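Student: I am new to this one. Could you walk me through the labels and the reasons behind them?

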Amino acid sequence: MPTTAVSGQTAIVTGASSGIGAATCRGLAAAGATVVLAARSEGRLQELASEINADHGGDTLVVPTDVREETAVDTLIDKTVAEFDGIDILVNNAGLARGSDVETMSTAAYETMQETNVDGMFYATRAAIPHVRERDGHLIFVGSFAGQYPRSYNAVYAASKWWTRGFAKSVAAQVGDDGVGVTVVNPGAV
């Protein structure tokens, strides 16, 4: 097993079933972390967990989770703590990036994006903080280039990622002195 900064640590990744989330799970497992995979798509999570176990060994846990539902997020945190006695890393990755012309965007589409990109990140962070604090762990927020520069073609998504950046920086001010690391990652188009 590799000796890295995350070797032996327990990491939850939301939005783990594809894209950045799946790549993050693979990277954490390759570095020796125990990975908890959370997303709505249980089948894809199971496939990824099998791949990770075959390639890297170690422990994984699949917890189907819709981050828009507070109780589902609480269950994710509770199952992780019950299985691995704590949490070292939370990667807040779950998000929707649909185009969002404000004038034509439906209320349902707006609410779904806000519930996923904003509420889900809040629920996961709030539930994880006490456990991450116990282990001097790390909260990682996947923002976006759109969270730094206005986007005419996906205004609501961009606004949610501006929120991500502001929320993460404010959380850092709140828990940073408690030994909790906070990082915001702002990828470009994926």
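**Reasons behind the labels**

Tutor: Ser100 touches Met105, Tyr153, Asn154, Ala155, Val156 and Tyr157, leaving out residues up to four places away in sequence. Keep in mind that this is a predicted model.

Student: Where does Ser100 sit?

Tutor: Ser100 is in the loop between strand E4 (89-92) and helix H4 (107-134). Ser100 and Ala155 are 55 residues apart along the chain, with their C-alpha atoms separated by 5.9 Å.

Student: Why is Ser100 called buried?

Tutor: Its relative accessible area is 1%. Buried means under 20%. The value falls under that cut-off, so Ser100 is buried.

Student: Which helix does Thr80 lie in?

Tutor: Thr80 lies in helix H3, residues 70-84.

Student: How do you know whether Thr80 is buried or exposed?

Tutor: Use the relative accessible area again, which is 0% for Thr80. The cut-off for buried is under 20%, so Thr80 is buried.

Student: What is Thr80 in contact with?

Tutor: Neighbours within four places in sequence aside, Thr80 is in contact with Thr10, Ile12, Val36, Leu61, Asp85, Gly86 and Ile87.

Student: What makes the pair Thr80 and Leu76 a polar contact?

Tutor: A polar atom of the Thr80 side chain lies 2.8 Å from the backbone oxygen of Leu76. The limit for such a pair is within 3.5 Å.

Student: Now the helices. Why is H3 called roughly parallel to H4?

Tutor: Their axes cross at roughly 25 degrees and come within 9 Å. Angles under 35 degrees count as roughly parallel, so H3 is roughly parallel to H4. The crossing of H3 and H4 is right-handed.

Student: Which residues meet there?

Tutor: H3 brings Glu70, Val73, Asp74, Ile77 and Val81. H4 brings Tyr123, Ala124, Arg126, Ala127, Ala128 and His131. The residues of this contact of H3 with H4 divide into 7 nonpolar, 1 polar and 3 charged.

Student: What makes H4 roughly parallel to H5?

Tutor: H4 and helix H5 (residues 155-175) pack at an angle of about 15 degrees, with axes 10 Å apart. That angle is set against the cut-off of under 35 degrees, so H4 is roughly parallel to H5. H4 passes H5 in a right-handed crossing.

Student: Which residues make that contact?

Tutor: Among them are Tyr110, Met113, Gln114 and Asn117 of H4, and Val156, Tyr157, Ser160 and Lys161 of H5. The residues of the contact of H4 with H5 divide into 12 nonpolar, 5 polar and 2 charged.

Key
Residues numbered from 1 in each chain as written. Predicted model: local features only at pLDDT ≥ 70, side-chain atom pairs only at ≥ 80, totals over all residues. Heavy atoms only, no water. Helix = DSSP H or I, 4+ residues; strand = E, 2+ residues; numbered from the N terminus. Buried < 20%, exposed > 50% of the residue type's maximum accessible area, 1.4 Å probe, protein only. Contact = heavy atoms within 4.5 Å. Axes fitted to C-alpha atoms, helices over the stretch in contact; angles between N-to-C directions. Parallel < 35°, antiparallel > 145°, perpendicular 65-115°, else oblique. Left-handed = near helix turned anticlockwise from the far one by under 90°. Nonpolar A, V, L, I, M, F, W, Y, C, P; charged D, E, K, R; others polar. Polar contact = N/O pair within 3.5 Å; in protein donor to acceptor, adjacent residues only side chain to side chain.
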